[in-house]
Amino acid sequence: MKMKKGTLALETPAKEIGSVKRRKDSKKLYVDFYYFGHRIIRSTELDDTLANEIRVRDFLNRIMERIETGTFKFAEAFPGATKKEKAFFTSLEGREYRPEPHQVLFGDYVKEWMKTIFPTFGSPTKHRDYQESIKRILPYFRNMTFHQITGQELFRFTESLKWKTGANKGKPVSRSRKVNILIPFRAIWNDACDHYRWVIKSPCDGIHKKLPKTEKKERLALRFNDWQLFLENLEDHYRPIAELMILTGMIVSELSALTKDSIQGEYLRLTSSYVLKAEKTSMKTAFRKRDIYITEAIRKRLDILTERATTPYLVTSSRGTRLHSTDFAKVWKKAVDQANISPMTSYIARHSFAAWSLTIGVNPLRLVKLMGHASKQMVYEVYGNYVEGLEEDAEAIYNYFGQDFLTPRKKENPIPFRYSTGHSRHVDLSSQSTLLSF
């Protein structure tokens with residue numbers, strides 16, 4: 001058939017199937033053919049010239065030959081088609097549609113991942129952390145294909161991360177923060193590779209070695225006088241709560257989960273934690289589930305909390321609501337500022353509990369259980385830093401904790417206790433001369 005200039009058909013031999021056309025509203029050439037009974041019209045993005053007509057006709061002829069021999073693959077011939085179209089025709093071809101990394105946008109996959117994989121995460125805390133990290137990840141990688149995301153690109157992303165709020169606004173985030181943000185990225189990447197059965201190198205491989213190392217902050221315990229000064233500036237309502245922390249080594253999330261039923265005879269039973277309005281039936285590790293012997297000092301603070309609790313929860317805010325870590329952090333900071341002591345978070349109470357316990361001679365193996373750790377290595381590596389002058393506070397710490405802390409259920413005939421700071425001296429404890437071996 002011979003065509004006139006400007007018409008939509010080309011001169012085509014009788015054996016050729018399909019058409020090369022140009023739409024009225026476009027200057028580009030299109031292919032028009034049927035596949036499995038479905039009409040397919042696709043732009044070639046080539047201008048309507050004689051040379052391009054020849055190229056497109058050759059392309060279409062090869063398509064039709066492969067259709068006849070059963071070797072045509074729609075997804076390969078038209079990589080710009082929608083995922084739905086590719087999956088549909090691949091299914092008709094009797095194959096499973098598996099796009100290549102260069103065909104899948106990171107943002108498109110994350111959109112599906114949030115609908116299918118993300119809801120399976122049971123932990124509310126994990127939900128929150130992943131969502132916060134994905135808010136950082138998506139703007140950078142949304143329009144990149146998986147093929148374009150390399151280790152170098154991932155490193156450039158980590159270098160671009162800055163604090164958005166707070167005192168450090170505009171400054172680079174810490175190394176640990178970068179590592180945490182990359183956790184969801186790694187999960188998404190691995191799930192995509194598993195879903196599409198890709199065997200490709202992960203950009204996360206070796207990324208930790210590229211991240212700049214940050215100097216670890218030394219975790220030191222409080223001197224006893226600083227603790228007393230802090231308590232004097234802490235709101236009255238929160239004073240027994242803070243004291244319970246330093247007397248037991250508990251942290252805020254553990255305190256928030258305590259109920260009146262947690263007090264069982266001579267013991268305070270820790271079985272769960274509470275983080276950001278989410279009850280966790282499991283602790284950080286299995287060892288964190290522990291029973292704490294209730295000394296007289298601990299009982300005194302528990303009685304205050306029990307008497308004023310109007311709900312099943314034992315530790316509450318000044319408003320009578322369940323203790324919340326964010327609110328408590330503000331109250332804590334206010335007291336630190338008013339006391340004019342070095343900045344510290346409430347976690348220092350746990351470190352101080354460990355250091356103080358070692359100072360007055362608590363057996364390290366017993367301290368491991370009191371802290372809820374798996375081994376004494378953790379106690380020494382994390383809490384074992386020497387604090388200048390802490391041994392001078394030994395008598396005050398001993399009186400503050402009480403003899404029954406050193407010898408539970410043996411309140412008569414107190415025995416001498418042993419320091420672990422490395423020197424020899426004598427200290428008078430509660431009017432009794434006791435040999436302190438260093």
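This passage walks through one long helix, two helix pairs, a small sheet and two single residues of a predicted model.

The model is a prediction, so local features need pLDDT of at least 70 and side-chain atom pairs count only at pLDDT 80 or more, whereas totals for chains, interfaces and linings use all residues. Residues are numbered from 1 along each chain as its sequence is written, and side-chain values use heavy atoms, with hydrogens and water left out. Helices (H or I, at least four residues) and strands (E, at least two) are DSSP runs, numbered from the N terminus.

Helix H5 covers residues 124–141, 18 residues in total. From first C-alpha to last, H5 reaches 25 Å, close to the 26 Å expected at 1.5 Å a residue; the expected span here is 1.5 Å times one less than the number of residues. H5 isn't quite straight, though: there is a bend of about 30° at Lys-135, with Pro-139 following within four residues. That bend is the angle between axes fitted to the seven residues ending at a position and the seven starting there. A good number of H5 side chains are tucked away, with Thr-125, Tyr-130, Ser-133, Ile-134, Arg-136, Ile-137, Leu-138 and Phe-141 all buried. Buried means under 20% relative accessible area, exposed over 50%, and partly exposed in between (1.4 Å probe, protein chains only).

H5 also packs against helix H6 (residues 151–160), at an angle of about 125° and with the axes 11 Å apart. Axes are lines fitted to C-alpha atoms, for helices over the stretch in contact, and angles run from 0 to 180 degrees between N-to-C directions. H5 and H6 are therefore oblique to each other, given that angles under 35 degrees count as roughly parallel, over 145 as roughly antiparallel, 65 to 115 as roughly perpendicular and the rest as oblique. Their crossing is right-handed (near helix turned clockwise from the far one by less than a right angle; anticlockwise would be left-handed). Then there is helix H9 (residues 224–233) with helix H10 (residues 239–248): these axes come within 9 Å and cross at roughly 155°, so H9 and H10 are roughly antiparallel. H9 passes H10 in a right-handed crossing too.

On to the sheet. Three strands make up an open sheet in the order S4-S5-S8, with antiparallel pairing. S4 (263–264) and S8 (290–293) sit at the edges, each pairing on one side only. Two strands pair if DSSP finds at least two bridges between them. S4 and S5 (residues 267–270) are joined by 2 bridges: Gln-264 partners Tyr-267, and Ile-263 partners Leu-268. The hairpin of S4 and S5 has 2 residues between the strands, and Gly-265 takes a positive phi near 65° there. On the S8 side, S5 pairs over 4 bridges, and Leu-268 has Ile-292 as its partner in S8. Side chains along S5 alternate: Leu-268 and Leu-270 point to one face and are buried, while Tyr-267 and Arg-269 point to the other and are not.

Two single residues round things off. Ala-329, in helix H13 (residues 325–339), counts as partly exposed at 43% relative accessibility. Its C-alpha is separated by 7.2 Å from that of Thr-345, 16 residues apart along the chain. Arg-62, in helix H1 (residues 50–69), is likewise partly exposed, at 36% relative accessibility. The C-alpha atoms of Arg-62 and Phe-72, 10 residues apart along the chain, are separated by 9.1 Å.
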